[in-house]
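Here are my notes on the model, as numbered points. Please read them with the coordinates open.

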Amino acid sequence: MRGTRTLGLWGGLVGIALVLVTTIPFIATMVMVQWGDVLAGPYDGNKMHGVDVFLGWFVTSVGGVLLIAAFAIAALTLDILMLVRLDRLRTIGARKVAPLGWSLLAGTGIISTPILAMLLFVPVWILGPGLATTVSLWLLFALMCLLPITGRIAQIITARRVQRP
């Protein structure tokens with residue numbers, strides 16, 4: 001089952017990297033919203049005042065999106081390979097395959113991410129603009145990142161526990 005272990009390890013590591021890279025545009029946007037005026041400095045009458053801050057945010061966000069696309073393609077490929085491997089393992093009657101399937105499901109974030117993404121709208125409706133909304137958005141986003149990372153760690157661990165028939 002060495003191939004399953006290796007595939008589980010690489011799939012887990014690329015999935016974790018994908019989640020971490022996903023935070024780049026979010027953090028860049030939150031920094032722009034919170035401290036954009038401070039980063040731009042006092043207004044000096046120049047028509048181009050603050051453009052450097054905007055361009056920094058834009059380049060960071062575009063770079064983050066390009067990294068997300070690259071890691072998403074790699075993670076999707078590895079996840080498909082793992083699903084094919086899971087089907088093969090079930091066909092030959094290997095033991096302890098089900099936990100690997102569940103950890104792969106948790107690691108992809110198919111269930112948790114849409115639910116938490118919808119919850120990101122709730123603080124604004126209830127609390128309105130302000131510090132409490134910002135803090136709750138940060139906490140929900142952290143939770144949205146931690147759940148798939150936990151699933152990917154479980155994928156790495158459960159891939160090592162699959163046993164031959």
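1. A residue is called buried here when its relative accessible area is under 20%, exposed when it is over 50%, and partly exposed in between. V162, at 3% relative accessibility, is therefore buried. V162 belongs to the segment after α6. From V162 to A28 the C-alpha distance is 40 Å, with the two positions 134 residues apart in sequence.

2. The model is predicted, and confidence should be stated before any detail. Mean pLDDT for the protein is 86, and 99% of the residues reach 70 or more. Among the elements, α2 has the highest mean, 90, while helix α5 (residues 122-127) has the lowest, 79. As a general caution, predicted coordinates should not be read in detail where pLDDT is low.

3. Which residues have the most contacts inside the largest nonpolar core? They are M82, L86, L89, A94, V97, L100 and V162, in a core of 14 residues. Two or more core residues come from each of α1, α2 and α3 (98-108). The element that gives the most is α2, with five residues. V162 of point 1 is thus a core member, at 3% relative accessibility.

4. How many salt bridges are there? The count is one. D79 and R152 form the bridge, with 2.9 Å between the closest N and O atoms. D79 sits in helix α2 and R152 in helix α6, so the bridge links distant parts of the chain, 73 residues apart. Are the partners buried or exposed? D79 and R152 are both buried.

5. The search of the whole structure gives five aromatic pairs. One of them joins F26 and W138: the ring centres are 5.3 Å apart and the planes stand at 75°, so the pair is edge-to-face. F26 is in helix α1 (residues 2-40) and W138 in helix α6 (residues 131-161), so this pair ties together parts 112 residues apart in sequence. W138 is partly exposed, at 32% relative accessibility. Together with F141, F26 and W138 make up one aromatic cluster.

6. A second pair to examine is F54 with F58, which is stacked, with 6.2 Å between the centres and 20° between the planes. F54 and F58 are both in helix α2 (residues 51-92), four residues apart, or about one turn of the helix. Each ring belongs to a partly exposed residue: the relative accessible area is 41% for F54 and 41% for F58.

7. F54 and F58 also contribute to a nonpolar surface patch of about 560 Å², whose other members are L55, V59, V62 and L66. V59 is likewise in helix α2. Why does V59 count as exposed? Its relative accessibility is 57%, and the cut-off for exposed is over 50%. Helix α2 therefore carries V59 of the patch and also gives five residues to the largest nonpolar core.

8. K96 deserves a check of its backbone. Its phi is positive, about 60°, although K96 is not a glycine. Where is K96 found? K96 is in the loop between α2 and α3. At 47% relative accessibility, K96 counts as partly exposed.

9. I110 is in the loop between α3 and α4 (112-119). With a relative accessible area of 55%, I110 is exposed. I110 and P148 are 38 residues apart in sequence, and their C-alpha atoms are 9.0 Å apart.

10. P25 lies in helix α1. P25 is buried, at 16% relative accessibility. P25 and L9 are 16 residues apart in sequence, and the C-alpha to C-alpha distance is 26 Å.

11. To recapitulate the contacts involving α6: W138 pairs with F26 of helix α1, and R152 forms its salt bridge with D79 of helix α2. W138 is partly exposed, whereas R152 and its partner D79 are buried.

How values were computed:
Residues numbered from 1 in each chain as written. Predicted model: local features only at pLDDT ≥ 70, side-chain atom pairs only at ≥ 80, totals over all residues. Heavy atoms only, no water. Phe/Tyr/Trp six-rings, centres within 6.5 Å; stacked < 30°, edge-to-face > 60°. Buried < 20%, exposed > 50% of the residue type's maximum accessible area, 1.4 Å probe, protein only. Patch = residues over 30% accessible without salt bridge, like charges linked within 9 Å, V, L, I, M, F, W, Y side chains within 5 Å. Areas by Shrake-Rupley, 256 points an atom, 1.4 Å probe, with all protein chains shown as cover. Salt bridge = Lys/Arg side-chain N within 4 Å of Asp/Glu carboxyl O. pLDDT = per-residue confidence, 0-100. Core = buried A, V, L, I, M, F, W, Y, C linked by side-chain atoms within 4.5 Å.
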